[in-house]
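Hi everyone, thanks for making the time. Let me put today's structure up on the screen, and then I'll walk you through it.

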Amino acid sequence: MKFSASLLASAFTFFVASVGAAPSTVWDPTITSPIMGTVWLVGTTVNVTWSTADQPSTVSNVGQIYLAKDQVQLMALSGTFDLAAANGFHTVTVPDVVPGDDYEVVLFGDSGNIGPSFVIAEQT
Ligand SMILES: *[C@@H]1O[C@H](CO)[C@@H](O)[C@H](O)[C@H]1NC(C)=O
């Protein structure tokens, strides 16, 4: 009894390990907005968008959006969300930060997935 239970347990562990090693893919989508020339106004609602052209059938990672300034991560702009189901966009509110032209968004997947610099400005 004990023997077969532990056999079952190791079979299960093997199954989980092989599923984990299967083609689950950390997906780093290409950010399509904000990009160079984009201006976000503090306090407004905007979309971060990305290309779904290279979306793998299995995405192993959740999405989360961070704001960076001059390549340094500042703050989360969103909680985690289902990256595979997000359909290429996530809506965020522009935080009340110092206006500047050296902001970037980081889209997880991966901390290296940083977009080009764009502008955050005050509302006039
Ligand atoms: C974000 O994109 C969605 C889908 O295209 C659209 O319905 C929504 O109005 C957009 N929101 C903003 C703030 O642009």
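**The sheet and what packs on it**

So, let's begin with the sheet. Five strands make up an open, mixed sheet, and the order across it is β2-β8-β7-β4-β5. At the edges sit β2, residues 39-41, and β5, residues 72-76, each of them paired on one side only. From one strand to the next, the twist averages 40°. Do keep in mind that this is a predicted model.

Let me step back to the whole chain for a moment. The protein chain has one helix and eight strands, and from the N terminus on the order reads α-β-β-β-β-β-β-β-β. For those of you who like contact statistics: if we take contacts between residues at least 6 apart in sequence, 64% of them join residues at least 24 apart.

Now back to the sheet, and to β4 in particular. Strand β4, residues 64-69, runs antiparallel to β5, with four bridges joining the two. One of the pairs to look for is Lys69, whose bridge partner in β5 is Val72. The hairpin of β4 and β5 has two residues between the strands, and Asp70 there takes a positive phi near 50°. Strand β4 is also antiparallel to β7, this time through six bridges. Across that pairing, Ile65 of the one strand stands opposite Leu107 in β7.

Ile65 brings us nicely to the core. Which residues touch the most other members of the largest nonpolar core? They are Trp40, Trp50, Ile65, Val105 and Ile120, out of 22 residues in that core. The elements giving two or more residues to the core are β3, β4, β7 (100-108) and β8 (118-121). As general background, nonpolar side chains in soluble globular proteins tend to be buried together.

And how much of the chain is buried? Of the 124 residues, 31% count as buried. On the outside, the protein chain exposes about 7200 Å², with carbon and sulfur atoms supplying 62% of that area.

Last stop: β3, and a polar detail. Thr49 lies in strand β3, residues 45-50. The side chain of Thr49 makes a polar contact of 2.8 Å with the side chain of Thr32. Setting aside neighbours within four places in sequence, Thr49 is in contact with Thr30, Ile31, Thr32 and Ser33, and also with Gly88 and Phe89.

That's my tour. Thanks for listening, and I'm happy to take questions!

Notes:
Residues are numbered from 1 along each chain as its sequence is written. This is a predicted model: local features need pLDDT of at least 70, side-chain atom pairs count only at pLDDT 80 or more; totals for chains, interfaces and linings use all residues. Side-chain values use heavy atoms; hydrogens and water are left out. Two strands pair if DSSP finds at least two bridges between them. Axes are lines fitted to C-alpha atoms, for helices over the stretch in contact, and angles run from 0 to 180 degrees between N-to-C directions. A polar contact is a pair of N or O atoms within 3.5 Å; within protein, one must be able to donate a hydrogen and the other to accept it, and residues adjacent in sequence count only if both atoms are side-chain atoms. Contact means heavy atoms within 4.5 Å. A nonpolar core is a set of buried Ala, Val, Leu, Ile, Met, Phe, Trp, Tyr and Cys residues joined through side-chain atoms within 4.5 Å. Buried means under 20% relative accessible area, exposed over 50%, partly exposed in between (1.4 Å probe, protein chains only). Accessible areas come from the Shrake-Rupley method with a 1.4 Å probe; for residues, only the protein chains shown count as cover.
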